[in-house]
Amino acid sequence: MKIKEFMSNKKGASGIGTLIVFIAMVLVAAVAASVLINTSGFLQQKASTTGKESTEQVASGLQISQVMGMHNNSNINKTAIYISPNAGSSAIDLSQAVIMLSDGSNKRVYKYNESSYKDLTNGGDIFDNANVEWIKATATKFGIVVIQDADDSCTAANPVINKGDLVAITLNTTSFSTTPRTSITGTVQPEFGAPGIISFTTPATYLNDSKVVQLQ
């Protein structure tokens with residue numbers, strides 16, 4: 001009788017041990033599942049953010065339709081770069097844009113000057129000498145002339161361009177080397193997205209009646 005009781009007690013102890021091991025395995029699995037769920041959630045959020053930023057970076061940007069210049073018989077002293085957003089681009093804040101120009105020997109960087117702003121949505125001459133905006137566009141600052149802006153998004157204090165907008169970035173290049181047959185390269189680099197590429201060679205001569213020339 002005692003032998004049977006002993007064997008019965010031994011089976012009970014074995015069952016309790018098995019139960020403890022089972023509970024431990026369940027707890028470990030639960031902890032592992034929790035870690036995996038948290039990790040997958042974090043990775044999903046990170047991937048979504050990265051994908052959105054990548055799409056914005058690739059789809060957004062500026063395109064340059066043309067570059068016009070006005071010369072003083074020796075140099076291009078006024079330059080207008082006509083830009084608009086790429087198709088599908090997000091809105092672009094031009095106050096954060098940087099313009100870089102190089103003639104092969106020197107490189108000049110321009111930032112936005114809020115006081116150098118002109119609204120010509122109703123028409124007008126960008127190269128009009130009466131425009132004080134050209135004077136305010138200095139050797140390190142660029143101005144903005146708004147040509148088309150249906151929703152009035154591009155203001156002096158908040159020069160944001162979006163779909164359908166067309167503006168001219170004005171540069172005072174009097175002190176920059178733009179003598180005849182000079183190769184000029186550069187970019188209009190927005191805060192995000194693809195930059196607009198500048199690449200042209202100045203005319204072979206400035207001795208003609210036309211003061212305004214198309215450079216690109």
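In the hairpin of β1 and β2, four residues lie between the strands, and asparagine 73 takes a positive phi near 75°. The model in which this turn appears is a predicted one. Most residues other than glycine have a negative phi. The strands on either side of the turn, β1 (residues 62-71) and β2, are antiparallel and are joined by nine bridges. One position in this pairing can be followed by eye: glutamine 66 has tyrosine 82 of β2 as its bridge partner.

Tyrosine 82 also leads to the next strand, since its bridge partner in β8 is alanine 168. Strand β8 (residues 166-172) runs antiparallel to β2, and six bridges join the two. Strand β2 (residues 76-85) is largely enclosed by the rest of the structure, because ten of its ten residues are buried. Across the protein, buried residues make up 36% of the 216 residues.

These strands belong to a wider arrangement. The protein has two helices and eleven strands, and from the N terminus on its elements run α-β-β-β-β-β-α-β-β-β-β-β-β. Nine strands form an open sheet of mixed pairing, in the order β10-β9-β4-β5-β6-β8-β2-β1-β11. The edge strands, each pairing on one side only, are β10 and β11 (212-214). On average, neighbouring strands of this sheet are turned by 30° against each other, direction ignored. Strands of a sheet pair through backbone hydrogen bonds, either parallel or antiparallel.

The sheet may now be followed from the β10 edge. Strand β10 runs antiparallel to β9, with six bridges between them, and glycine 186 stands opposite isoleucine 198 of β10. The loop between β9 (183-189) and β10 (196-201) contains alanine 194. This residue is partly exposed, with a relative accessible area of 30%. Although alanine 194 and serine 60 are separated by 134 residues in sequence, their C-alpha atoms are 6.4 Å apart in space.

Strand β9 is also joined to β4, in the antiparallel sense, by five bridges. In this pairing valine 98 stands opposite glutamine 189 of β9. Strand β4 (residues 98-102) in turn pairs with strand β5 (residues 107-119) through four antiparallel bridges. The two strands form a hairpin with four residues between them, and in its turn glycine 104 has a positive phi of about 95°.

Serine 102 repays closer inspection in this hairpin. The residue is part of strand β4 and stands opposite lysine 107 in β5. With a relative accessible area of 17%, serine 102 falls under the 20% limit and is therefore buried. Its side chain makes two polar contacts with the backbone. One is to the backbone nitrogen of glycine 104, at 3.2 Å. In the other, a polar atom of the serine 102 side chain lies 3.1 Å from the backbone oxygen of asparagine 106.

Two loop residues share a backbone feature with asparagine 73. Aspartate 152 has a positive phi of about 55° although it is not a glycine. This aspartate lies in the loop between β6 (141-148) and β7 (160-161), where it is exposed, with a relative accessible area of 58%. Arginine 181, likewise not a glycine, has a positive phi of about 60°. Its place is the loop between β8 and β9, and with a relative accessible area of 63% arginine 181 is exposed.

The last topic is the empty space inside the protein. Rolling a probe the size of a water molecule over the atoms shows where empty space is left. The structure holds one cavity of 30 Å³ or more, and the volume of the largest cavity is about 30 Å³. The residues that line this cavity are Thr79, Leu101, Thr173, Phe176, Thr178, Ile184 and Phe200. By character, the lining divides into four nonpolar residues, three polar residues and no charged residues. Several of the strands described above contribute to this lining: Thr79 falls within the residue range of β2, Leu101 within that of β4, and Ile184 and Phe200 within those of β9 and β10 respectively.

Terms used. Residues numbered from 1 in each chain as written. Predicted model: local features only at pLDDT ≥ 70, side-chain atom pairs only at ≥ 80, totals over all residues. Heavy atoms only, no water. Buried < 20%, exposed > 50% of the residue type's maximum accessible area, 1.4 Å probe, protein only. Pairing = 2+ DSSP bridges. 1 Å grid on protein atoms, 1.4 Å probe; cavity = no way out; pocket = protein on both sides within 12 Å on 5 of 7 lines; lining within 4 Å. Points joined across faces, edges and corners; volume = space filled by probe spheres on them. Nonpolar A, V, L, I, M, F, W, Y, C, P; charged D, E, K, R; others polar. Axes fitted to C-alpha atoms, helices over the stretch in contact; angles between N-to-C directions. Polar contact = N/O pair within 3.5 Å; in protein donor to acceptor, adjacent residues only side chain to side chain.
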